[in-house]
Amino acid sequence: MIEIGWLVLALPLVAAAAGFALHRRARRGAAIVAVGALGLSTALSAVLAAGVLGQPERVVESAFTIARFGELRVQAGVRLDGLAVVVVVAVCVVALLVQLYSIAYLHDDNGYPCYAAEVSLFTGAMLIVVLAADLVMLVVGWEIMGICSYLLIGHYRDLPESRPAAVKAFLVTRVGDVGFLLGVLLLGVAAGTFGIGAVLANAGALPSATVTVACLLLLLGVAGKSAQFPLHTWLPDAMVGPTPISALIHAATMVAAGVYVVARLFPLFRVGPLPLAALGVLAAITMLLGALVALAQDDLKRVLAWSTVSQIAYMTGGLAVGVPAAAVFHLLAHAAFKALLFLAAGCVLHATGQSLMSRLGGLRQAMPLVFVTMTCGLAALAGLPPFAGFFSKEAVLGAAYETARGHGEGTPWVGWLVLVAGLLTVALTAAYATRLWLRTFFGAAREDTTPKQVSSLMLGSLVVLAVPTVVLGAIGLRSRWLAGWLDAPGVALRPEAVTTALSTVLGIAAIAAVVLAWRRAPDRDPIRPRPLLARAFYLDDVQDLLVVGPYRRFAAEIADYDTRVIDGAVEGYGTGAAVLSRRLSRLQTGNVQTYATVVLGAAVVLAVAAVLL
Amino acid sequence: MHIELAVVLAALLFSIGVYGVLARRNAVLVLMSVELMLNAVNINLVAFDVWLRDTLHSGQTFALFVVALAAAEVGVGLAIVVQVYRLRGTVAIDDLDELTEPGVHRD
């Protein structure tokens, strides 16, 4: 079993290495290597999941030491448990579909071979994070994901906005990564080992202050990677990358990593109330923020990006109320429907060359399959029964409700916070999903461009993803299914009556309101965007003001110091020596007798000195 | 024998030679001053050889060497002076300052 785990992990990494070695024009070879390796990985991951979930004793670990630092050992290893294999399957499936989709989407792109290898590396890095048995190994995967996101977001090198977006993604997540690294080191030093199994087993024995500080540091990294307030600003800008990459980042890798890591290290977060409370506050803010801003965006992909920010906050909310199973449930459902939505948006962009909703419309007839699948995706996003998003969202809200009533192990006020924010977000989500649906697929076509034919490979990926989008919610229905796989007995992932009634009413009311507003003026935006929302509460400007501006001024100051003081010193030595030697060179008169006189004088002085001293 | 006579004479001759080397403008006179200095040394060598009663007479031997060297030196030196005169039309040493640092004004 463990060998299969190693193989699943190694295949994408090998494919990445092989892909980077290929020639730039070797499109076909690159596609075969990338898809082949990932396909094999996906098949093996299914075998792995079946094997691990079938065993009564789930946790399997194999590791070997790669470095020793005194008492501390760093290991490379694979740790399999229910959570890991479930997420591995989701990652592999989404990544495989993204690879297949990319073959068609980047058909005319010269950078495809490199791109395919980067996607393989990205997937491999995510698998490292998911399967790592050692915290240091996890950090390695975490960092590789950071660099891959930079490379892939900046894939369209000719676009002027692509480079800044890539740099922003890299730097903003980096801010969090510093905290993450410190948290890992603190945990490792406190526990005397970096092994995840050993750290989790010792969670209760460690000093609770240390664990709390380490968890808060880890949360910083989680906020960066999972795009939670206040480090969420990179995700919407990351939309300049190719659309399949958005699907990958938003569904399978990167943003899911943060949530996954908290779920994996959850016993640590249980030690004190502070980390989960902080996570709950961040989740509540991010949820509402993302949904409100998504309401006002005009770009199809930006709406989806902000919806990811808000949906990931549901997952962190589920973690904050102490039910990681609910968070992982939403992670899986979100992976399916968000990948579907992005790939469908990619089809729209590919066919019309346009992703601004104000210039789209009436695509229902022209792109029926995209319409149907995207409708499924949006229904899941809005949380309409019986789509997957409904069940997973209700699992989170139900968990929050239980905690709010003091039944769970979380803090009640955090439960209330997550519950209220979650219910409000349900209404907002339904509103922006409906707006997107109406503005893209209904009404008159706003520009008389006829959509191009979309290749069957792309449409096929949509159909494949539509299946889990519709039916994945069922895995939460039986307690021996998802809850059993995640070793969370007694956790109810079924919809709770009170929250379900409330959220369904809110969602349907929001949909009805948007539809009514739209029917009054079908060619106008049903929600007139306010600049405050369209500019995302000016948080980018705040970030510019508080961080980027001072940092730039500081950097300018340093550069100035460099030119004036350091360079000045170096150049000063040069010019000083030149001036001095020019002065001294006056002694070189060319008159031999002067020289002889000086020599004689010196000899006399030396002789006198020798006699006197 | 009084060594003082010889030493004072040698010192006088050497001083005259030094003055000539440092102060005379004519290259031929500078060469002659060098000869004076060499011969002052020769006087010293011979005088001390006698005064110390050196059985090997190394002072006299050295003096002979110096005479031979001085002859050769004068030959080379005069040849150079003649060449300089042909090229420059002068043998005044202050005017032969080709090796001055460029850009430095002559005093």
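**Chain A, domains.** I began with the division of chain A, which falls into domain 1 (2–527) and domain 2 (544–612). I then looked up how far apart these two lie, and the C-alpha centres of domain 1 of chain A and domain 2 of chain A are separated by 62 Å. I note here that I am working from a predicted model.

**The nonpolar core.** I turned next to the largest nonpolar core, which has 221 residues, and found that Val94(A), Val129(A) and Ala339(A) touch the most other members. Helix α15 (residues 324–352) of chain A gives this core its largest share, 20 residues. I followed Ala339(A) further and, leaving out residues up to four places away in sequence, listed its contacts as Val94(A), Leu97(A), Ala247(A), Ala251(A), Ala252(A) and Leu465(A).

**Helix α20.** Since Leu465(A) is among the buried residues of α20(A), I looked at that helix as well. I checked its length: 16 residues (456–471) at 1.5 Å a residue should span 22 Å, and the end C-alpha atoms are 23 Å apart, which agrees. Its buried residues include Met458(A), Leu459(A), Leu462(A) and Pro468(A), and the buried residues of α20(A) pack against α3 (82–105), α15, α17 and α18 of chain A.

**Helix α22.** I made the same check on α22 (residues 497–520) of chain A, where 24 residues should span 34 Å at 1.5 Å a residue and the end C-alpha atoms lie 35 Å apart, in agreement. Among its buried residues I noted Thr499(A), Gly507(A), Ile511(A) and Trp518(A). Which helices do the buried residues of α22(A) pack against? I found α17 (368–382), α18 (388–404) and α19 (412–441) of chain A.

**Backbone features of chain A.** I recorded a cis peptide bond between Phe229(A) and Pro230(A), with omega about 0 degrees, and placed Pro230(A) in the loop between α8 (208–225) and α9 (234–237) of chain A. Another cis peptide bond joins Pro385(A) and Pro386(A), with omega about 5 degrees, and Pro386(A) sits in the loop between α17 and α18 of chain A. I also marked Met254(A), a residue other than glycine with a positive phi near 55 degrees, in the loop between α10 (243–252) and α11 (255–264) of chain A. Is Met254(A) buried or exposed? I count it as buried, because it has 28 C-beta neighbours inside 10 Å.

**Chain B.** I found three helices and zero strands in chain B. Its radius of gyration is 18 Å, well over the 13 Å that the globule rule gives for 107 residues, so I describe chain B as more spread out than a compact globule. The C-alpha atoms fill a box of roughly 55 × 25 × 20 Å along the principal axes, and buried residues make up 11% of the chain.

I looked up Arg25(B), which lies in the loop between α1 (3–23) and α2 (27–51) of chain B and counts as partly exposed, with 13 C-beta neighbours inside 10 Å. Not counting residues up to four places away in sequence, Arg25(B) touches Ala92(B), Ile93(B) and Asp94(B). I also looked at His57(B), which has a positive phi of about 55 degrees although it is not a glycine, and which is found in the loop between α2 and α3 (58–88) of chain B.

**Between the chains.** I closed with the contact of the two chains, in which twelve residues of chain B meet eleven residues of chain A. On the chain B side, I sorted these residues into six nonpolar, one polar and five charged.

Technical notes: Residues are numbered from 1 along each chain as its sequence is written. Chains are lettered from A and ligands numbered from 1 in the order in which they are written. This is a predicted model: local features need pLDDT of at least 70, side-chain atom pairs count only at pLDDT 80 or more; totals for chains, interfaces and linings use all residues. Domain bounds come from an automatic or database domain assignment. Helices (H or I, at least four residues) and strands (E, at least two) are DSSP runs, numbered from the N terminus. The expected span of a helix is 1.5 Å times one less than its number of residues. A residue is buried if 20 or more other C-beta atoms lie within 10 Å of its own, exposed if 12 or fewer, and partly exposed in between; C-beta atoms are placed from the backbone. Two residues are in contact if their C-beta atoms, placed from the backbone, lie within 7 Å. The radius of gyration is taken over C-alpha atoms; the globule rule is 2.2 Å times the number of residues to the power 0.38. Ala, Val, Leu, Ile, Met, Phe, Trp, Tyr, Cys and Pro count as nonpolar, Asp, Glu, Lys and Arg as charged, and the others, Gly among them, as polar. A nonpolar core is a set of buried Ala, Val, Leu, Ile, Met, Phe, Trp, Tyr and Cys residues joined through C-beta atoms within 7 Å.
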